[in-house]
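Got your viewer open? Here is a walk through one model, with something to select at each stop.

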Amino acid sequence: MILDRLDKLNKSRTLRLLLRVAMVFERLFGNLRTLRWKLFLSYVLIGIIPIFVMWGGNVDIVESHLVEQRAGELRSLATFNAAELGARNYMHETPVMRGMLDRNLMAQQESRQAWIMIVDNMATVIFDSLETEQGNTWATAGVMQALGGTHHESVGEDGATILQVAPIFDADGEVEGAIMIAHVVDFGNLIDNINSTTITFITILILAVLAIVVVMAQWLIRPMRRILASADMISKGQLEERIDIRGRNEFSALGLAINDMTDKLARAESARQEFVSNVSHELKTPLSSIKVLSESLLHQGGVENEMHREFLTDITSEVDRMTDIVNELLTLVRMDEVELPLNISSFNLNRMLEDVIKRLRPLARQREVEVEFADFKQVDIDADEMKLSLAISNLVENAIKYNRPDGNVRIVLDADNKSAFITVADNGVGISEENQAQVFTRFFRVDKGRDRETGGTGLGLSITHKTILLHKGSIKLTSKEEEGSTFVVRVPLQAR
């Protein structure tokens, strides 16, 4: 790591200081690739860079403003002096009177730190505050412009030199000369003072920003750390772990989503364990019966043929029961596959329901239950005929099995322009309200003893529910104890 290399290069006080600063930052923010460090860096860039940009820009603005202000002062001074000299007839005054005006100009040179020069209409210098160009010709562009009757102003490219040249008019309005004022701008001390004050202010502001950023980074990361800690516990199998939700923001929404996901995982795990337990129990019961019957045949000598046949019949019945359980489990396993294909074909739903009822009429007659079928229109549908037929058969068979003698089962077919609706209603024993939400759960039985008598495995409705969902349909149950149950199945007419 960088810190290890810096430790090896610990040869000077500067490097040791950098090492300490880096260690502090690493202690505060850990790995520089973490979200906490990224947040910190983002806030620093957003908060501090504009300060430096504004600082540099403001210094330039202040300096430009000062130059412009000084130029305005010198322009007014040149214009005033030009008017004064014109009014006093400076070009034609006696040396005594001119000397008084010259002393006034020298005083201005002292106070303004400016170079003042006066030239006549031939550009000959007749007054020089520095006394270096007296009597010389000063025919610069600015002077010639002023002698032409126009005020001249110029500022050097570096903003350090300001030149003002104003024409001097006589009483008749004729140009008889010009006054030039040159000034070298020196705002160094002022700018240094401004910079010093600004640096102090920026330093305090940066420290305040850093402190606020550190607090905000910690504040923003704290809920994420709680979420990560809980998520880590959940990933290790502790499904009872839940995230403590505080406030209403994106982190709380994430926490709620993870808690909801954990609840579903816990329910799935509970269902899995219950499923395994139920499978074990369902298979253990017929196996136990087969073992008891087999041992009875083995240990009882001279068993009569009639009893022998009865025992074998019971064994065969238990084997058939185990076969049904295994087959239905295999059906559920196949339906749990993500990409379970449906063998879609077009067929007449009326005919399919008639076939289902025809197969189950012997069971209905045996239990003394009347089965009725009503269809309001001919319905053609695109679906998996075999799977859908099995699903509806399970509903009709349950309606017959869990009915009372002289009971009634009514199957109704209807459709609109998008879906077919199949209603299977009975007036049997019904299902209590608290059990209705679990009827599609695998191995769930309202009355386990009664299901043993009817031979149910508790998987039929699970298969029906899964089949309808595979067809992008829905199934709804309404029931009341001792009054009967009604299942309404909706299946799209066109496969999607």
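Start by selecting helix H10, which is mostly covered: 12 of its 17 residues are buried. Keep in mind as you look that this is a predicted model. Colour the buried set, which includes Leu 388, Ala 391, Ile 392, Leu 395, Val 396, Ala 399 and Ile 400. Polar and charged names turn up there too, among them Lys 387, Ser 389, Ser 393, Asn 394 and Lys 401. Now check the helix length: at 1.5 Å a residue, the 17 residues of H10 should span 24 Å, and the C-alpha atoms at its ends are indeed 24 Å apart.

**Into the core**

Ile 400 is a good way in. Together with Leu 349 and Ile 422, Ile 400 touches the most other members of the largest nonpolar core, a set of 39 residues. Which elements give two or more residues to this core? Show helices H9 (349–366), H10 (385–401) and H13 (460–470), then add strands E8 (380–383), E9 (408–415), E10 (419–426), E11 (474–480) and E12 (484–492). H9 provides the largest share, 8 residues.

Next, centre on Ile 422 and bring up its contacts, leaving aside neighbours within four places in sequence. You should find Leu 349 and Leu 353, then Ile 392, then Ile 411, Val 412 and Leu 413, and finally Phe 487, Val 488 and Val 489. Apart from this core lies another one, of 22 residues; pick out Val 67, Ala 78, Leu 101 and Leu 105 among them.

**The E11–E12 hairpin**

Select E11 and E12, which run antiparallel and are joined by 7 bridges. They form a hairpin with 3 residues between them, and Glu 482 in the turn has a positive phi of about 65°. Which residues of E11 lie on its covered face, and which on the uncovered one? Ile 475, Leu 477 and Ser 479 make up the covered face, while Ser 474, Lys 476, Thr 478 and Lys 480 make up the uncovered one. Look across from Lys 476 and you meet Val 488 in E12.

**Over to the five-stranded sheet**

Now show E1 through E5. These 5 strands form an open sheet in the order E2-E1-E5-E4-E3, with antiparallel pairing. Where are the edges? They are at E2 and E3 (152–155): each has a single partner strand, so one side of each is left without a neighbour in the sheet. On average, neighbouring strands here are turned by 15° against each other, direction ignored.

Zoom in on E1 (residues 114–120) and E2 (residues 125–128), an antiparallel pair joined by 3 bridges. Ile 118 stands opposite Phe 127 in E2, and Met 117 has Asp 128 as its bridge partner in that strand. This pair is a hairpin as well, with 4 residues between the strands; Ala 123 in the turn has a positive phi of about 65°.

**Last stop: Pro 167**

Finally, select Pro 167, which sits in strand E4 (residues 161–169). Is this proline buried or exposed? Pro 167 is buried, with a relative accessible area of 10%, and the cut-off for buried is under 20%. Show its contacts beyond four places in sequence: Ala 82, Ala 146, Gly 149, Thr 150, His 151, Val 175, Gly 177 and Ala 178. For Gly 149, 18 residues away along the chain, the C-alpha separation from Pro 167 is 5.7 Å.

Technical notes: Residues are numbered from 1 along each chain as its sequence is written. This is a predicted model: local features need pLDDT of at least 70, side-chain atom pairs count only at pLDDT 80 or more; totals for chains, interfaces and linings use all residues. Side-chain values use heavy atoms; hydrogens and water are left out. A nonpolar core is a set of buried Ala, Val, Leu, Ile, Met, Phe, Trp, Tyr and Cys residues joined through side-chain atoms within 4.5 Å. Buried means under 20% relative accessible area, exposed over 50%, partly exposed in between (1.4 Å probe, protein chains only). Contact means heavy atoms within 4.5 Å. Two strands pair if DSSP finds at least two bridges between them. The expected span of a helix is 1.5 Å times one less than its number of residues. Axes are lines fitted to C-alpha atoms, for helices over the stretch in contact, and angles run from 0 to 180 degrees between N-to-C directions.
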